[in-house]
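Here is a protein to explore together, one question at a time. Have a look at it first, and then we can ask what stands behind the labels people use.

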Amino acid sequence: MKKRPILATILWLIYSGVFLLILMTLLRIAFTKAFPPSSTFADYPLGSALFLGFRYDARYIGVVSLLIFLLSLIPALNPFRTNIGKKIAMTIWTIFAIMMVMFYMVDFANYSYLQERLNADLLNLLKDTKDAFQMMWQTYPIIWLLLGWVVGVIIIVQVIKLFYKKVNNRKETEASRLVKISIHVAFFLVLALGIFGRAGQYPLRWSDAFSFGNDYAAKVSLNPFQSFFSSLKFRKASYDLAEVKKGYPLIAQYLGVDHPDSNNLNYERKVVGDSAANKPNIIVVICESFSFYKSSMSGNKLDPTPYFNQMSQQ
């Protein structure tokens, strides 16, 4: 193996990173084509959503690139100096490719089924492993998805290997120690900025996607990594009984509960129908996992359930 200086690793990471950023941007555009917005959210800022999505993508590519870059500073682990360094770097890229293809495939499948980007709630469905896999087998073309997963990983890894060969065969230009140190520091700062997400006091957050005031724009800007890992800490969130009792009087008044009881949380109420009506018009609406705070009825400015809200008002 040729003994290349650390600058070769930086060039390789730039090639690979740009390739993956382009690929993830194309997948985001494919998302808008596969799942176009409803008329309610059709007027959304596509350009701003794509740019915010680019920053989310750069964060995760930056994490992987930073790991390989830091390892390459150790001569024995430099991918252009030793075979073990090359194997470690390619293993890291392969693991990322496996995760990337898997996350995007599950994300697209999840959105087609639930109209939601991939999030940690999916892990709750895996508690009943047998039922979960049976549902997936009956709902999705599992064999074709697995085949696509393998092919996708192979393509990404092969492209990264081509970039490695291109850089390794490149004629190296000698540079002074000061120039090399400056390039190292500059590259580290670029990666750090990409991971942090913005030049400011606070890092780029999952909630920034919802600053558009448009639910679809938020979904376009997010990538499955960001939406999954950001929601991971809320996966086991539950209700606070003390807070429920605290808000009970207001809810009981709103619902018109006949005999309010904050200790037993009684919500029973009896509504007398019009005795003159031969056939009462009764509508029973049952919504599974319908969160009130996410609905338009709660005053949510995103207006995520306009049709349900219209029916409620009428």
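Q: What makes 6 residues of the lining of the largest cavity nonpolar and 2 charged?
A: In this predicted model, the lining of the largest cavity consists of Leu27, Arg28, Phe31, Tyr104, Phe108, Arg117, Val220 and Leu222. Leu, Phe, Tyr and Val count as nonpolar and Arg counts as charged, so the lining divides into 6 nonpolar and 2 charged residues, with no polar ones.

Q: Why is this space called a cavity?
A: A cavity is a set of points where a 1.4 Å probe fits but cannot get out. The structure holds 1 cavity of 30 Å³ or more, and about 30 Å³ of space lies in the largest cavity.

Q: Which helix gives the most to the lining of the largest cavity?
A: That is α1, with 3 residues. Both α1 (6-34) and α3 (83-114) supply at least two residues each.

Q: What makes the second largest pocket mostly a matter of one class, and how do its residues divide?
A: Its lining is made of Leu250, Ile251, Tyr254, Leu255, Arg269, Val271, Phe290, Phe292, Met297 and Ser312. Arg counts as charged, while Ser belongs with the polar residues, so the division is 8 nonpolar, 1 polar and 1 charged. The volume of this pocket is about 530 Å³.

Q: Where does the largest share of the lining of the second largest pocket come from?
A: Helix α10 (residues 241-255) provides it, with 4 residues.

Q: How do you know that α3 and α6 are in contact?
A: Contact means heavy atoms within 4.5 Å. On the α3 side, the residues that make the contact include Trp93, Ala97, Val101 and Met105; on the α6 side, Trp149, Gly152, Ile156 and Tyr164 are among them. By class, this contact has 16 nonpolar, 3 polar and 2 charged residues.

Q: How do the axes of α3 and helix α6 (residues 142-168) cross?
A: The two axes come within 9 Å and cross at roughly 145°. The crossing of α3 past α6 is right-handed.

Q: Is Ala58 called buried or exposed, and why?
A: Buried means under 20% relative accessible area. Ala58 has 18%, so Ala58 is buried. This residue is found in helix α2 (residues 46-72).

Q: What does Ala58 touch, leaving aside its neighbours within four places in sequence?
A: Ala58 is in contact with Leu21 and Gly194. Another partner to compare is Gly17: 41 residues separate Ala58 and Gly17 along the chain, and their C-alpha atoms are 8.2 Å apart.

Q: Why is Ser295 called buried?
A: The relative accessible area of Ser295 is 0%, and buried means under 20%, so the label fits. Ser295 lies in the loop between α10 and α11 (306-313). Not counting residues up to four places away in sequence, Ser295 touches Phe290, Asn300, Pro304 and Thr305.

Q: What makes Ser296 count as buried?
A: Its relative accessibility is 9%, which is under the 20% cut-off, so Ser296 counts as buried. Ser296 is placed in the loop between α10 and α11. Leaving aside neighbours within four places in sequence, Ser296 is in contact with Asp303, Pro304, Thr305, Pro306 and Asn309.

Q: Why does Pro260 count as exposed?
A: Exposed means over 50%, and Pro260 has 56% relative accessibility, so Pro260 counts as exposed. The loop between α10 and α11 is where Pro260 sits. With neighbours within four places in sequence left aside, Pro260 is in contact with Tyr248 and Ala252.

Q: Why is Leu265 called partly exposed?
A: Partly exposed covers what is in between under 20% and over 50%. At 21% relative accessibility, Leu265 falls there, so that is the label. Leu265 lies in the loop between α10 and α11, and its phi is near 55°, a positive value in a residue other than glycine.

Q: How do you know that Asp303 counts as partly exposed?
A: Asp303 has 29% relative accessibility, so it too is placed between the buried and exposed cut-offs. Asp303 is found in the loop between α10 and α11. Although Asp303 is not a glycine, its phi is positive, at about 50°.

Definitions and conventions
Residues numbered from 1 in each chain as written. Predicted model: local features only at pLDDT ≥ 70, side-chain atom pairs only at ≥ 80, totals over all residues. Heavy atoms only, no water. 1 Å grid on protein atoms, 1.4 Å probe; cavity = no way out; pocket = protein on both sides within 12 Å on 5 of 7 lines; lining within 4 Å. Points joined across faces, edges and corners; volume = space filled by probe spheres on them. Axes fitted to C-alpha atoms, helices over the stretch in contact; angles between N-to-C directions. Left-handed = near helix turned anticlockwise from the far one by under 90°. Buried < 20%, exposed > 50% of the residue type's maximum accessible area, 1.4 Å probe, protein only.
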